[in-house]
Amino acid sequence: MEKKEKSGPIVLQQGDALVVVDVQHDFLPGGALAVPHGDEVIEPLNRYIARFEERGLPIFATRDWHPARHCSFAEQGGPWPPHCVKDSWGAEFSAWLQLPSSVTIISKADREEQDAYSGFEGTDLHRRLGELGVKRLFVGGLATDYCVLNGVQDALRLGYTTFLLVDAVRAVDVNPGDGVRALAAMEEAGAVLIRLEMLA
Ligand code: VGL
Ligand code: ZN
């Protein structure tokens, strides 16, 4: 797919929405599946949240919301330590994340036998965005190489113009370079990589 070069400031407009991906205790330092430097996404995300709030634009927050014996957990033969068990502290959003009361929370991978990295998989996110007339998505959060990558790929397939907030994502990097490769893959698929200072 063709690369989109972005020049000039990006003006937020009706039809834009912010998607904050999985900023939950278990993905932050000290958590069960801590993303290195994962806490560094919170401050930039709070700035993006403030910008979307100022303009009355919708904000979505996805969360990993697993049952206690989820198929992605090592005990069940999956690749990960137990994490983001629904209703546990580890599954809660960080208290530092300034989500507005109007936020729409999207819970995913909430059945034992199904994993989902993308916030679109097995959820009503696409329908909810459609109801609000959303055409452009601004996506940041954790982790670059899993849930952000898969969510952005789905968003592009579903026809959303998709901006990836490079200053508000961090990678697990199970293999060194996974995060960098994920950024390249998203750009290759048509995502526009932006930073806060590129917003008008
Ligand atoms: C995630 C690994 C397992 C993520 C979720 O949110 O990126 N990564 N479950
Ligand atoms: Zn998970």
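This is a short tour of the two ligand sites in a predicted model.

**Stop 1: ligand 1 and its neighbours.** Select ligand 1, then show the residues around it: Asp22, Phe27, Leu33, Asp64, Trp80, His83, Tyr117, Leu142, Ala143, Tyr146 and Cys147. Try colouring this shell by residue type, and you'll get 8 nonpolar, 1 polar and 2 charged residues.

**Stop 2: the polar contacts.** Now zoom in on Asp22, where an N or O atom of the side chain sits 2.7 Å from an oxygen atom of ligand 1. Next, click on Asp64: one of its polar side-chain atoms is 3.0 Å from a nitrogen atom of the ligand. For Cys147, turn on the backbone, since that's where you'll find a polar atom 3.1 Å from an oxygen atom of ligand 1. How much of ligand 1's accessible area does the protein cover? On its own the ligand has 260 Å², and the protein covers 100% of that.

**Stop 3: the space itself.** Switch on a cavity display if your viewer has one; the largest cavity is the space taken by ligand 1.

**Stop 4: the zinc ion.** Go back to Asp64 and select ligand 2, the zinc ion, which is coordinated by Asp64 (OD), His66 (NE2) and His83 (NE2) at 2.0 to 2.2 Å. Along the sequence, these donor residues follow the spacing D-x1-H-x16-H. Finally, check the angles among the 4 donor atoms: they run from 86 to 172 degrees, and the site is irregular.

How values were computed: Residues are numbered from 1 along each chain as its sequence is written. Chains are lettered from A and ligands numbered from 1 in the order in which they are written. This is a predicted model: local features need pLDDT of at least 70, side-chain atom pairs count only at pLDDT 80 or more; totals for chains, interfaces and linings use all residues. Side-chain values use heavy atoms; hydrogens and water are left out. A residue is near a molecule or strand if one of its heavy atoms lies within 4 Å of it. A polar contact is a pair of N or O atoms within 3.5 Å; within protein, one must be able to donate a hydrogen and the other to accept it, and residues adjacent in sequence count only if both atoms are side-chain atoms. Accessible areas come from the Shrake-Rupley method with a 1.4 Å probe; for residues, only the protein chains shown count as cover. On a 1 Å grid over the protein atoms alone, a cavity is a set of points where a 1.4 Å probe fits but cannot get out, and a pocket is an open set with protein on both sides within 12 Å along at least five of seven lines; lining residues have an atom within 4 Å of a point. A molecule sits in a cavity or pocket if more than half of its atoms lie within 2 Å of its grid points. Ala, Val, Leu, Ile, Met, Phe, Trp, Tyr, Cys and Pro count as nonpolar, Asp, Glu, Lys and Arg as charged, and the others, Gly among them, as polar. Donors are N, O and S atoms within 2.8 Å of the metal (3.2 Å for Na, K and Ca); water is not among the atoms, so sites may look incomplete. Four donors count as tetrahedral if all angles lie between 85 and 135 degrees; four count as square planar and six as octahedral if opposite donors are over 155 degrees apart and all others between 65 and 115; anything else is irregular.
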